[in-house]
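User: Please take me on a close look at one part of this model, starting in a loop and working inward from there. I am new to this, so plain steps would help.

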Amino acid sequence: MEEHNSHIVIFPYLAHGHINGFANLASLLHHHNPNITVTFVSTPRHIQSVSSSSLFSSSIRLHSLPWSPELHGLPPNTESLADLQVSQFVTFLYATKSLQPAFDDFISVVASDAASRGAKVVIVSDIFFGWTVEVARKYRVFHSVFLTMSCYGGAVFLSLFINLPHTKTTSEWFSLPEYPDIRIHRSQLRKNLSMSDGTDLSSIYLHREFLLCCKTDAMLVNTIEELEQKWIGMVAKTLQIPIFPIGPLIGGLNTASPSEGTEIIEWLDLHPQASVLYISFGSQNSIKKNQMLELALGLEASRRPFIWVIRPPSGFNVNDEFKDEWLPDGFEKRMKEEKRGFFVHGWAPQIAILSHKSTGAFLSHCGWNSVLESLNSGVPIIGLPIGGEQPYNVTVLVELGVCVEVARGIMENSELEKEKVAGVVEMVMGDNEKGRDMRERAKEIRDMVKKAWKDESCSSAKGLSEFFKIFNSR
Ligand code: UDP
């Protein structure tokens, strides 16, 4: 059976980071062999956004599934986590399950067409869509998960929900049943997870989906073997499936408006090498109001220039109008006048900022895409994880020696103190041994990351060709 006969169906979860990661994957697979049929499946608005992106050549097929959020009590036009208040996340999670019948119908057509041509079908899907494993089994096609997070982060995240109610444990530290070597501190659980007793709706959904997802045939991971060798081996052994690191897949659909991009780059051009701190919490997260105030005061005390992608604090909609009262008195005006602060009220050209020579550190929520973009540019990270698997991504980064965690934004009573902010910024960016070591290490990691796709003998290039070998041999 030849690879060029294959039909690969790409099906991401409905959230920006996932859509973007899977769009990058679709593009990679298509470039690997343009004779493979690649179909990107999603809801209408996401299909519209990928179809207008230069990332997608017209040869990548698009398939739109019907989507009616109002039938599930969600506002019309809700099509992504970013459209929602946190209180609506669980409703959204359950609503996405309504995509199953139409997805099943689509795979039925793809599978019968492939059978008539003697071709193979592969479904590559997200961990939140564990039910796609059932669809793959029904039509006897190969299934792979694509993990858009670190391998370690994914393993911990899956294990926590599979083993709920882990919160019954009384100790500060606990181990995961499948991975006794991994130790988790209670403060690394997000607030709603630490309250999960296994009977709440989100735990029930994720428990079922994650159990199914562990029955997949393989796992592609947007990581680099050299960074996570230990964890990749451990997860492969536990789940008894092959794991293929194929990162870094970065860039893709993330673009800013050209005028905003130019202004930021011109502002960065005015600053000395590695002098600017870049601050962003990803595509949909916000920190709490008191944390915003402390962060601002800490930045003012640090006296270092910064770019802050700023949005309303948690509890407000990310698209709400920004109010000055969320910052210390006159802060934004003062910082602008002193040319110390650049505020982005919207979408920042993150990759261009991180790859600019004036950017010296990144204060990040440690979403995996942001992490890879930072590592790819050799920029050390100050971690402020907010949710999901972010606290576990931080563990990987701290072990690699490129990150200091300033606070855990996920905890209800998590304090971000201005003195700590100023101290950590100075440690990472200043002239001291720890800072110099971190910056040096970030450059070493950048070289490792950039090498992963250099030629066919390098780790991610090998990961992808081994993935093809496996499903072609089935
Ligand atoms: N991003 C961007 N500009 C912004 C905010 C986010 O380009 O103003 C991009 C960022 O480069 C990254 C993605 O959005 O690729 C965020 O993904 P990540 O995994 O870091 O976090 P998530 O948004 O999924 O929490």
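**From a loop to the ligand**

Analyst: Ala274 is partly exposed, because 16 other C-beta atoms lie within 10 Å, and that count falls between the limits of 12 or fewer for exposed and 20 or more for buried. Please keep in mind that this is a predicted model. Ala274 sits in the loop between H10 and S10. Its backbone deserves a second look: phi is positive, at about 50°, although Ala274 is not a glycine. Most residues other than glycine have a negative phi.

Now follow the chain into the strand after this loop. Strand S10 covers residues 276-280 and pairs with S13 in the parallel sense, over five bridges. To find this pairing on your screen, look for Leu277, which stands opposite Ala361 in S13.

How enclosed is strand S13, and why? Six of the six residues in S13 (residues 359-364) are buried, so the strand is largely enclosed by the rest of the structure. S13 also pairs with strand S14 (residues 381-383), again in the parallel sense, here over three bridges. Leu363 has Ile382 in S14 as its bridge partner. Between these two strands the chain passes through H14, and this β-α-β crossover is right-handed.

H14 leads us straight to the ligand. Four residues of the shell around the ligand come from H14, the largest share. In total, 19 residues surround the ligand, and the closest are Gly17, Gly282, Ser283, Gly367 and Ser370. Besides helix H14 (368-376), helix H1 (16-32) and helix H13 (350-354) each give two or more residues to the shell. Sorted by class, the shell has 13 polar, five nonpolar and one charged residues. Both domain 1 (3-251 + 453-473) and domain 2 (258-450) supply at least three residues each.

The two domains also come together in the largest nonpolar core, which has 127 residues; Val9, Ile10 and Ile307 touch the most other members. Helix H6 (residues 151-162) is the biggest contributor, with eight residues. Residues from domain 1 and from domain 2 both belong to this core, so it lies between them.

Ile10 makes a good stepping stone, as it stands opposite Phe40 in S2. Strand S1 (residues 7-11) pairs with S2 in the parallel sense over four bridges. Together with H1, which we met at the ligand, S1 and S2 make a right-handed β-α-β unit. Strand S2 (residues 37-42) is mostly covered, with five of its six residues buried. S2 also pairs with S3 in the parallel sense over four bridges, and here Phe40 stands opposite Leu62. With helix H2 (residues 44-51) in between, S2 and S3 make a right-handed β-α-β unit too.

After S3, our walk returns to a loop. Asn77 is found in the loop between strand S3 (61-64) and helix H3 (89-96). Like our starting residue, Asn77 has a positive phi without being glycine, here near 75°. Asn77 counts as exposed because 11 other C-beta atoms lie within 10 Å.

One last backbone feature is worth finding. Most peptide bonds are trans. The bond from Gly247 to Pro248, however, is cis, with omega near 0°. Pro248 lies in the loop between strand S9 (243-245) and helix H10 (258-269), and H10 borders the loop of Ala274, where we began.

Note on methods. Residues numbered from 1 in each chain as written. Predicted model: local features only at pLDDT ≥ 70, side-chain atom pairs only at ≥ 80, totals over all residues. Near = placed C-beta within 6 Å. Nonpolar A, V, L, I, M, F, W, Y, C, P; charged D, E, K, R; others polar. Domains from an automatic or database assignment. Pairing = 2+ DSSP bridges. Right-handed = clockwise from strand over helix to strand, strands pointing away. Core = buried A, V, L, I, M, F, W, Y, C linked by C-beta atoms within 7 Å.
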